[in-house]
Amino acid sequence: MPTRRAVTGRSREPRARFAEELRHLRTARGDSLRQLGERLGWDWSLFGKMEKGETVGGPEVVEALDQYYGTPGLLLALWELAISDQTQFKERYRRYMALEAEATSLWHFAVSVVPGLLQTPGYARELLAAGGLRGDALDQQVEARMGRQNLLTADDPPPFRTILSEAVLRTTLRSAQEWRRQLEYLVEAGGRPNLTLQVLPQAAGLHGLSSTDVWFLRLHDTRTVAYTEHGYGGELHEESAAVERMQRAYDATRDLALSPAESRKFILRMLEELPCEPST
C-alpha cells in the first residue's frame, strides 16, 4: 500500500513522518549523521536507522534531538504517535502470513533466535516475554505461534530448510530444562523428511547475511518473496531484483554451513555438554 501523503508532501503514516522529520531537521542544519552522533554522544548509526524508519529509538535520544534542534516537544510528540501506531508492520506481517500459508516451499536463515516454526512453547514464552508481553497477551501469542507450526506437520507439508547461526544455539534459555527440550526438538525436527536443518558455525566468519534474519517463500505462481525481520518489525520484499540479491547471499551462506548430518551431530554434542538435571 503506498504511503499516504499530506498536502505538504510529508507522509501521513506516523512512523514514516517521524523518520522524515528527523531527516529534514538534520539536513536543514547541515549535519552529517556522524557529526550528529558526535555532538549528541550517541552512535551515529542509530540516527541513520531512525531516519530510515528501521527503529524509532527511545525517549531519551528523542528528547536530546528536540533540544538540539530547538523543537521542544515536537519530535517527542511524533515519536509517541510512531510507537503507538504499528499499522504498517501489522499489514506487512499479515500479508506475509497469508503468503506463508500458501507457499510451496520455504527456506530461512536465523541470526540469533530459533525460527517460530521450530520453537517449543517454553522457548516461545521466554522470547515473547523478553519482548514485553505479559499475562493473557503472552498466552495468546504463544498459542498462536504453536498453531502456526501446523504448516510443517499437516498432511503434505511444504519443504522447509533453515540455517541456524551458531549464535542461535549458544544463546540459552534461563531454564536449563526448557533449553534441553528446545535442542531435543531441533534434533527431532531435523529428522523429518520435509525439513532440512543446517548449522552455520561461528568459524565461518562474516557473510552476506551476518545481520539479517530472512525468510524466502516460493509461491504457486513460481514467484519467490522474502521477508526480513528483527525483534521489533519486519519488511516484505516482493521486487524480484531485491529478492534475487538476498537469495545469492543465502546460497553463499549455505555453502559455509555444516551438512545436515554434521549439523545434527553438532546439536547432539551440545546436548551432551548440558549439565545433568539433578535427580529427585
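User: What share of the contacts in the protein chain with a separation of 6 or more comes from residues 24 or more positions apart?

Analyst: This is a predicted model: local features need pLDDT of at least 70, side-chain atom pairs count only at pLDDT 80 or more, and totals for chains, interfaces and linings use all residues. Residues are numbered from 1 along each chain as its sequence is written, and side-chain values use heavy atoms, with hydrogens and water left out. A contact here means heavy atoms within 4.5 Å. Among contacts with a separation of 6 or more, the share from residues 24 or more positions apart is 66%.

User: How many strands are there in the protein chain?

Analyst: Helices are DSSP runs of H or I with at least four residues, strands are runs of E with at least two, and both are numbered from the N terminus. Counted that way, the chain has 13 helices, and its number of strands is 6.

User: What percentage of the residues of the protein chain count as buried?

Analyst: Buried means under 20% relative accessible area, exposed means over 50%, and partly exposed is in between (1.4 Å probe, protein chains only). The C-alpha trace spans about 60 × 50 × 40 Å along its principal axes. Of its 280 residues, the buried portion is 42%.

User: How far apart are the mean positions of the positive and negative charges?

Analyst: Lys and Arg count as positive and Asp and Glu as negative, with His and the chain ends not counted. Each charge is placed at NZ of Lys, CZ of Arg, CG of Asp or CD of Glu. With 35 positive and 39 negative charges, the two mean positions are separated by 3 Å.

User: Which are the edge strands of the open sheet of 6 strands?

Analyst: Two strands pair if DSSP finds at least two bridges between them. The order is S3-S2-S1-S4-S5-S6, with mixed pairing. An edge strand pairs on one side only, and that fits S3 (195–200) and S6 (233–237).

User: What angle does the direction of helix H12 make with that of S5?

Analyst: Axes are lines fitted to C-alpha atoms, for helices over the stretch in contact, and angles run from 0 to 180 degrees between N-to-C directions. Helix H12 (residues 240–256) packs on the sheet, touching S1, S2, S3, S4, S5 and S6. Its direction and that of S5 make an angle of about 75°.

User: Which residue in S4 is the bridge partner of Leu106?

Analyst: S1 (residues 105–110) and S4 (residues 213–218) run antiparallel, joined by 5 bridges. One spot to look at is His108, which stands opposite Trp215 in S4. For Leu106, the partner is Leu217.

User: Which residues point the other way from Ser105, Trp107 and Phe109 in S1?

Analyst: In a regular strand the side chains alternate between the two faces of the sheet. S1 is mostly covered, with 6 of its 6 residues buried. Ser105, Trp107 and Phe109 take one side, and the opposite way point Leu106, His108 and Ala110.

User: Which residue in S2 stands opposite Ala110?

Analyst: S1 also has S2 as a partner, and these two pair in the parallel sense over 5 bridges. Across from Ala110 in S2 you'll find Leu164.

User: Why is S6 largely enclosed by the rest of the structure, and which residue in S6 does Thr228 stand opposite?

Analyst: S6 is largely enclosed because 4 of its 5 residues are buried. S5 and S6 pair in the antiparallel sense over 5 bridges. In that pairing, Thr228 stands opposite Glu235.

User: How far apart in space are Leu65 and Leu75, C-alpha to C-alpha?

Analyst: Leu65 is in helix H4 (residues 59–69) and is buried, with a relative accessible area of 1%. Not counting residues up to four places away in sequence, Leu65 touches several others, including Leu22, Phe47, Met50 and Leu75. Leu65 and Leu75 are 10 residues apart in sequence, and their C-alpha distance is 7.5 Å.

User: What relative accessible area does Val187 have?

Analyst: Look for Val187 in helix H11 (residues 176–190). Skipping residues up to four places away in sequence, Val187 touches Arg264, Ile267, Leu268 and Leu271. Val187 counts as buried, and its relative accessible area is 12%.

User: What is the phi of Thr222 near?

Analyst: Most residues other than glycine have a negative phi. Thr222 lies in the loop between S4 and S5 and counts as exposed, at 61% relative accessibility. Its phi is positive, near 75°.
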